[in-house]
Amino acid sequence: MTNEEFRNGGLAVVAALAAHGVDTIFGIPGTHNLEFYRHLPEYGIRAVTPRHEQGAGYGADGYFLVSGKPGVVITTSGPGLTNVLTAAATAYAESRPMLILSPGVPTGLERADVGMLHETKDSSGAVGRLLVSSQRTRTAEGAAQAVAEAFAMFDSARPGPVHIEVPLDVLEGAWNGSVPAPFSGRRPALDDHVVTRAAEAVRSARRPLVIVGGGARRAQHEVARFVEALDAPVATTANGKGILPEDHPLSLGSNVRFPSVQAESAAADVLIVLGSELADSDLWGGVIGAQSAIGVRDRSVAQTVIRCDIDPDQLNKNLPGDILACADTAEFLTALMDVLDDGTATDDSGTAASAGGFGSESPETNGTAASAKGSGATRVQEIRANRDADFDFSSIGSRVTRLVEDGAGPDVVIAGDSSQVTYDGTVHALSARTPDQLLYMPGFATLGYGIPAALGAKVADPTRPVACIVGDGAAMFSVQEIMTATELGLGIPFVVVDNGGYAEIEGQMVERDMEPFAVRLARPDFASLGRSMGGAGVTIAESDIDSDLPSTVAEALDRTVPTVIHITVGD
């Protein structure tokens with residue numbers, strides 16, 4: 001059969017996907033979505049079939065983080081769509097692009113309650129409450145255009161998940177239109193006055209500090225150029241990890257939760273926040289900047305706060321700013337450096353005045369950032385000296401992370417989960433050099449993310465070493481996706497750090513004077529489970545990880561099937 005014989009709504013959507021560079025989708029074929037699947041081979045689009053739609057969503061997210069391309073998920077109607085919603089809500093919380101396509105009840109049967117297979121009261125209405133948007137299309141042409149609009153949004157606004165519902169009659173009905181060409185969305189225009197004011201503040205900075213979040217992922221080069229010229233320490237959120245290589249002398253790592261970093265942020269005379277909402281999920285009850293409480297500036301401290309975000313609603317969130325740039329981070333920093341390098345500033349009357357190139361000023365005459373030249377790396381060393389008081393780098397999560405990195409090499413991608421081994425380990429212990437090395441979701445903090453996210457990352461770049469480090473509780477949420485990794489021939493080491501249940505929640509129960517219950521769990525022999533799924537399985541006692549784990553990881557990466565490495569804590 002040719003596409004002309006089945007020139008339907010499914011073809012319209014798939015052709016639009018191909019026109020926007022999609023080469024991989026994640027999903028499970030079902031009775032109602034087969035007209036999407038029919039056309040995938042014609043366009044060379046690979047279909048990855050996980051064992052659960054939630055795994056499809058997490059796999060799509062891991063694929064995006066490594067490839068830079070928005071993840072695409074195709075579900076069937078009803079439960080297929082509702083199964084992916086936790087993963088989609090995760091993408092919303094972390095501001096990551098994801099396109100979800102699903103069939104819907106035929107036109108005219110909305111809310112009809114006639115008992116159709118997979119019938120749902122109002123799929124689009126329900127999904128739209130959780131995601132950036134959900135659109136129920138009326139024509140094949142409209143469905144194809146909705147794909148183009150989603151990709152334009154991903155590139156021009158704060159990204160997030162978008163759902164397109166195609167009614168069954170539209171999906172299977174005739175398409176007589178053409179493939180919509182990709183187009184650029186409209187990004188916020190830079191305000192020249194804001195850039196000038198930011199340049200003035202930066203020029204006068206004696207103790208600057210830069211905080212970088214996930215919104216600056218596409219601005220690696222611009223961030224490095226700016227902070228090196230400013231000679232300012234840089235701390236990142238978990239989603240900003242690796243935007244500045246963490247072996248850079250100005251990097252404080254993804255450690256905004258550390259008291260030493262938060263204290264430095266309060267003492268900075270100029271604080272620059274790029275692409276972050278400064279969420280409590282990163283700050284752990286602390287605050288960034290000179291604040292008496294979240295959102296309450298301490299005006300007795302002379303501090304200028306510069307914030308840049310593509311979403312205007314983020315600009316004053318959790319820390320009111322003085323100079324607000326609603327813009328793409330890369331565009332803002334490029335414009336700011338142009339002004340600084342040009343030496344053009346304005347005096348108090350608004351008249352342009354020449355100040356010389358950035359960093360060339362005499363400290364005695366200008367009191368600019370040049371007066372702090374050479375001190376940025378020293379400040380970083382002083383702050384890092386307090387890390388032992390801030391955080392336990394001998395924790396099992398930190399130790400396992402460093403050992404996995406030893407076995408896999410410095411370019412390894414590590415998928416984590418809402419496990420202690422991740423947020424009390426990998427987030428801080430992994431020395432990331434690029435922003436794609438940590439797959440994590442600090443905001444939504446969902447269990448079950450790590451295993452399918454690692455799968456998606458390896459699909460995105462089969463040549464890249466990818467590993468997964470999760471707790472035993474998190475592993476049981478998505479352990480079935482190890483079978484998917486076997487099917488795809490992916491040599492991923494899945495490291496399961498097993499403490500026998502939900503140990504952190506048990507600790508919280510004790511803190512609340514509760515007798516712990518429902519948290520000590522029976523668990524499988526994970527190594528045997530890995531072997532039963534066609535992979536390899538190894539058990540290592542905690543006491544042996546220093547000697548055995550790096551080589552076990554290296555061997556796992558050389559295989560063409562996954563390896564489950566079961567670390568038994570306390571043994």
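Leu 190 is placed in the loop that runs between helix H7 (168-172) and helix H8 (192-203), in a model that is predicted. With a relative accessibility of 30%, Leu 190 counts as partly exposed. When residues up to four places away in sequence are set aside, Leu 190 touches Val 195, Ala 327, Glu 331, Phe 332 and Ala 335. By contrast with these contacts, a separation of 31 Å lies between the C-alpha atoms of Leu 190 and Ser 292, which are 102 residues apart along the chain.

The confidence of the prediction was examined for the chain as a whole and for particular stretches. The pLDDT of the protein chain averages 93, and 94% of the residues score at least 70. Over residues 345-356, however, the pLDDT stays under 50, and the model has 21 contacts for this stretch beyond four places in sequence. A further stretch, residues 360-373, also has a pLDDT below 50, and 29 contacts beyond near neighbours in sequence are found for it in the model.

As regards the overall fold, the protein chain contains 23 helices and 21 strands. The radius of gyration of the chain is 25 Å, close to the 25 Å that the globule rule gives for 571 residues, so the chain is as compact as a globular protein of that length. Taken along the principal axes, the box filled by the C-alpha atoms is roughly 75 × 60 × 45 Å. Of the 571 residues, 57% count as buried, and among contacts with a separation of 6 or more, 75% are accounted for by residues 24 or more positions apart. The chain exposes about 21,800 Å², of which carbon and sulfur atoms supply 50%. The chain carries 41 positive and 73 negative charges, and the mean positions of these two sets are 1 Å apart.

Helix H10 (residues 259-267) illustrates how a helix can be set among other elements of this chain. Within this helix, Ser 260, Val 261, Gln 262, Glu 264 and Ser 265 are buried. The buried residues of H10 pack against three strands and three helices, namely strand E7 (208-212), strand E8 (234-236), strand E9 (270-274), helix H11 (280-283), helix H14 (376-384) and helix H15 (387-390). An α-helix has 3.6 residues a turn, so residues three or four places apart point the same way.

Strand E8 also borders a loop with a notable backbone angle, since the loop between helix H9 (220-230) and E8 holds Asp 231. Although Asp 231 is not a glycine, its phi is positive, at about 60 degrees. The relative accessibility of Asp 231 is 11%, and this residue counts as buried. A positive phi, of about 65 degrees, is likewise found at Asn 318, which is not a glycine. Asn 318 has its place in the loop between strand E12 (304-309) and strand E13 (323-326), and at 27% relative accessibility it counts as partly exposed.

Two further loop positions were considered together with their surroundings. Ala 432 lies in the loop between helix H17 (420-429) and strand E17 (438-439), where its relative accessible area of 0% places it below the 20% limit for a buried residue. Apart from its neighbours within four places in sequence, Ala 432 is in contact with Lys 241, Gly 242, Pro 245, Glu 246 and Gln 437. Thr 86, which is 346 residues away from Ala 432 in sequence, is 27 Å from Ala 432 in space, C-alpha to C-alpha.

Gly 491 is found in the loop between helix H20 (481-488) and strand E19 (493-498), and this residue counts as buried at 4% relative accessibility. Gly 491 and Arg 559 are 68 residues apart in sequence, while their C-alpha atoms are 5.0 Å apart in space. Arg 559 is also one of the residues in contact with Gly 491 once neighbours within four places in sequence are left aside, the others being Ala 556, Leu 557, Thr 560, Val 561 and Pro 562.

Definitions and conventions: Residues are numbered from 1 along each chain as its sequence is written. This is a predicted model: local features need pLDDT of at least 70, side-chain atom pairs count only at pLDDT 80 or more; totals for chains, interfaces and linings use all residues. Side-chain values use heavy atoms; hydrogens and water are left out. pLDDT is the predictor's confidence in each residue, from 0 to 100. Contact means heavy atoms within 4.5 Å. Helices (H or I, at least four residues) and strands (E, at least two) are DSSP runs, numbered from the N terminus. The radius of gyration is taken over C-alpha atoms; the globule rule is 2.2 Å times the number of residues to the power 0.38. Buried means under 20% relative accessible area, exposed over 50%, partly exposed in between (1.4 Å probe, protein chains only). Accessible areas come from the Shrake-Rupley method with a 1.4 Å probe; for residues, only the protein chains shown count as cover. Lys and Arg count as positive and Asp and Glu as negative; His and the chain ends are not counted. The place of a charge is taken as NZ of Lys, CZ of Arg, CG of Asp or CD of Glu.
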